[in-house]
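Thank you all for coming. I would like to walk you through one structure this morning, taking it piece by piece, and I will begin with a question once it is on the screen.

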Protein chains: 2
Amino acid sequence: MPYYIGDVIKDERSLIARTPEQFKKSGIDVLLKTRAEQVDHEARIVRLSTGATLPYDHLVVATGAQAVMPGIPGQDLPGVFTLRTLQDAVRMKSCIREKDCRKAAILGAGFIAMEMSEALSNLGMEVELIQRDTVAIKRWAPELVEVVLRTFAEKRIAFHVDTRATSIEMVDGGKLRIVTDRGNIETDLVLIAIGIRPDVNMAKELGLAIGDSGAVRVNAAQQTSVEGIYSVGDCCEVYHRVARRPLYFPLGDIANKQGRIAGRNIGGRPAVFPGIVGAQSFKFFDLELAATGLSEEEATRYGFSPAAAIAWGPPVARLMASEEDGETGLKLIADRSTGLLLGAQAVGRKDPVKKINALSVALWYGARLDEPAFMDFAYSPPFGGPWDLIHITAQLLLRTL
Amino acid sequence: MPYYIGDVIKDERSLIARTPEQFKKSGIDVLLKTRAEQVDHEARIVRLSTGATLPYDHLVVATGAQAVMPGIPGQDLPGVFTLRTLQDAVRMKSCIREKDCRKAAILGAGFIAMEMSEALSNLGMEVELIQRDTVAIKRWAPELVEVVLRTFAEKRIAFHVDTRATSIEMVDGGKLRIVTDRGNIETDLVLIAIGIRPDVNMAKELGLAIGDSGAVRVNAAQQTSVEGIYSVGDCCEVYHRVARRPLYFPLGDIANKQGRIAGRNIGGRPAVFPGIVGAQSFKFFDLELAATGLSEEEATRYGFSPAAAIAWGPPVARLMASEEDGETGLKLIADRSTGLLLGAQAVGRKDPVKKINALSVALWYGARLDEPAFMDFAYSPPFGGPWDLIHITAQLLLRTL
């Protein structure tokens, strides 16, 4: 019988869709408020926080990730949050309501930081983002990020780049002060969203091999280096088909796939996880941002010689274009030596995910750049021109290779 | 110097974006109101309707297509239109304005018929479609077409299937009467949109090989069977990568690509046209319809053993789903013998073209069905669930193969 051992904080609410009783009917025991304290893999027994022990044949380590903390004084003050668990969100919501928060400051500028800046701004709060990097929103090209920065300005969200928070202090009236190397920011609430790292504490106790990325190393069957132990989700690596190596890529859709693959292998219907191409997206007000494959920087790091081109086009045929739809910016990256497509980034109001999903499939199959330059898409004027933005950008880049 | 010889009717307006003088600056002579009366390919000379002759090295036959006529009495009456040239559209618009048309009947139910039913309905006209087939909107599965039929009903557009027009008559007050085997329909305007066929008159005079489809046979360089003569666009065939044979597939985006390939080969920068996968789409009020690859019927015709599955899902994560967004229906078709993906069809308000474009790339690379079942897409809740509708449908179909 498969077991699911939940940790204390997270599960009561995240399992709300199905109760332990409902799982039981499917032959799954769900132990809530129960922590796996220790695992004896030789004896194949888990010692639980309840004192009981649990025998197993297969063990799945799915310990997830932890929020990275900046390691500055005051990071644990009340009113300072991370956003990793449902409970984190519940606590933050209560705080906003109870303290009637008007101002929020966010450390970081990744997916979570961007999405939360929108959510908090939509609650009527004044929001400021504080980022160490000089470049706003890594991975996307500066030309594409321009569009996002315009939205920041329109929504009156301050975005401080090249700014380092050195401490957080409690000030009068329950307010918080973030001290940075470029001045102080007073706020009601601080969200720390500077990244996550794999939670490999149990993996290390079990002696599982850890990859260069710092996450648990797994093979295509989601097996770790120790026979009988699998790992899935945000605590383990995933094979990146474009980079041609395992990387740490903690995203929800990947975790779902890995879980299914591990389950099939444990259940006796062998399956391999074919890897990822690095597809990702987020919504920011009326903008879509999506990317896939490698950025130029990553491509260089992995031994390619990247060249890139950017083109812009409306999400409909030019004759039908409107101010409201705007234009989509698409950047393609290819390898000068092999002509292989390496990556793509897009920003716009309607089309980025559409373009990036198609290009993700191309990357999946190891596309050469001349292939997307003439590929067959479902053309109709309400959905684009006879030359799709993908064709146009690929042909532009082909001419410069 | 390249020449473009326009036929009498079409060009004055379709070249409106650039005048012959502007073309001249790019070294292109555009001869308007000039017909190529006869070609002597041995002497490499075209005799023009102006009496002049024109020498050439390379000849491109791009004679396009003609509207198929039903061959019934009255099909040439005033008020009966086809929609093939810009001039056709101009004439139809004049007629609607001058006769203050309130009712339109359309023979056919293809892309043009559907799109025109929307356009005429949006002008406030009462519209009826008359189709011989018992099945509404071929190629898309009946379950998906249901959604379209609901839109017909909402928009009060009558859709008569299994109905054969036998003649069109002029009746009192300038009205027209369509006589069918299921009763008469009175109307102000008739649009014949039952299909097109390649215009191969000149091709036949030149002795060019004609394919089984009835269109000009071309190789991947767009060369015909006669050295020095190329053919592109709606008069010639195109290689279908899934059917693995040349087919007649007269769509604008394909014609554009073929034109560029022919131009490159003539200009001395050899290029091959890599073929199509049959991607197509159209908008019908707030619906998108898109398809790619082969239908089950086509797959059977070309020697495959098709199996199919349909799944439905919202264009956002389920927790964010709204009545307004509706659900997208996706049908996948795969070959039982090889497990190869063969085709896909989708209908919905937001996602069909997105899904079909990604699946078109998969078909382009000869995807096996288990590949799209685990492919990497740019997941984020505003754009779908962690299991994309493509994953879900592919896994559903995999279980039945």
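Which residue in E5(B) does Ile45(B) stand opposite? Before I answer, please keep in mind that what you see is a predicted model. The residue that stands opposite Ile45(B) in E5(B) is Pro55(B), and this pair belongs to the contact of strand E4 (residues 45-48) of chain B with E5(B), two strands that run antiparallel and are joined by 3 bridges.

If we step back from that pair, we find an open sheet of 3 strands in chain B, with the order E3-E4-E5 and antiparallel pairing. The edges of this sheet are strand E3 (36-40) and strand E5 (53-55) of chain B, each of which pairs on one side only, and the twist from one strand to the next averages 25 degrees.

Let me turn to chain A, where an open sheet of 3 strands is found in the order E3-E4-E5, and where the pairing is antiparallel. Here strand E3 (36-40) and strand E5 (53-55) of chain A each have a single partner strand, so one side of each is left without a neighbour in the sheet. Direction ignored, neighbouring strands of this sheet are turned against each other by 25 degrees on average. Within the sheet, E3(A) pairs with strand E4 (residues 45-48) of chain A over 4 bridges, in the antiparallel sense, and the bridge partner of Ala36(A) in E4(A) is Leu48(A).

Going back to chain B, I would like to spend a moment on strand E15 (residues 189-192), because in a regular strand the side chains alternate between the two faces of the sheet. What, then, covers or leaves open the two faces of E15(B)? Both faces are covered, since Leu189(B) and Leu191(B) on one side, and Val190(B) and Ile192(B) on the other, are all buried. As for its pairing, strand E8 (residues 80-82) of chain B pairs with E15(B) in the parallel sense over 3 bridges, and there Val80(B) has Val190(B) as its bridge partner. Strand E9 (residues 103-107) of chain B also runs parallel to E15(B), joined to it by 4 bridges, and in this case Ile106(B) stands opposite Leu191(B).

Chain B also offers a hairpin, made by strand E12 (residues 165-170) and strand E13 (residues 176-180), which run antiparallel and are joined by 5 bridges. Ile168(B) stands opposite Ile178(B) in E13(B), while between the strands of the hairpin there are 5 residues, and Gly173(B) takes a positive phi near 75 degrees.

That brings me to backbone angles. Most residues other than glycine have a negative phi. Asp100(A), however, is not a glycine and has a positive phi of about 50 degrees. Asp100(A) sits in the loop between helix H3 (86-98) and strand E9 (103-107) of chain A, and with a relative accessible area of 43% it is partly exposed. In chain B, Gln222(B) is a residue other than glycine with a positive phi, in this case near 70 degrees, and its place is in the loop between helix H6 (201-205) and strand E17 (229-231) of chain B. Is Gln222(B) buried or exposed? Gln222(B) is buried, with a relative accessible area of 1%.

Let me finish with places where residues of the two chains meet. Asp253(B), which lies in helix H7 (residues 252-267) of chain B, counts as buried at 2% relative accessibility. Leaving aside residues up to four places away in sequence, Asp253(B) touches Asp376(A), Phe377(A), Tyr379(A) and Pro386(A).

How are the two H9 helices placed with respect to each other, and at roughly what angle do they cross? The axes of helix H9 (residues 352-364) of chain A and helix H9 (residues 352-364) of chain B come within 8 Å and cross at roughly 15 degrees, and H9(A) and H9(B) are therefore roughly parallel to each other. The crossing in which H9(A) passes H9(B) is right-handed. Among the residues of H9(A) that take part in the contact are Val353(A), Ala358(A) and Val361(A), and among those of H9(B) are Val353(B), Ala358(B) and Val361(B). The residues of this contact divide into 8 nonpolar, 2 polar and 2 charged.

How values were computed
Residues are numbered from 1 along each chain as its sequence is written. Chains are lettered from A and ligands numbered from 1 in the order in which they are written. This is a predicted model: local features need pLDDT of at least 70, side-chain atom pairs count only at pLDDT 80 or more; totals for chains, interfaces and linings use all residues. Side-chain values use heavy atoms; hydrogens and water are left out. Axes are lines fitted to C-alpha atoms, for helices over the stretch in contact, and angles run from 0 to 180 degrees between N-to-C directions. Angles under 35 degrees count as roughly parallel, over 145 as roughly antiparallel, 65 to 115 as roughly perpendicular and the rest as oblique. A crossing is left-handed if the near helix is turned anticlockwise from the far one by less than a right angle, and right-handed if clockwise. Contact means heavy atoms within 4.5 Å. Ala, Val, Leu, Ile, Met, Phe, Trp, Tyr, Cys and Pro count as nonpolar, Asp, Glu, Lys and Arg as charged, and the others, Gly among them, as polar. Two strands pair if DSSP finds at least two bridges between them. Buried means under 20% relative accessible area, exposed over 50%, partly exposed in between (1.4 Å probe, protein chains only).
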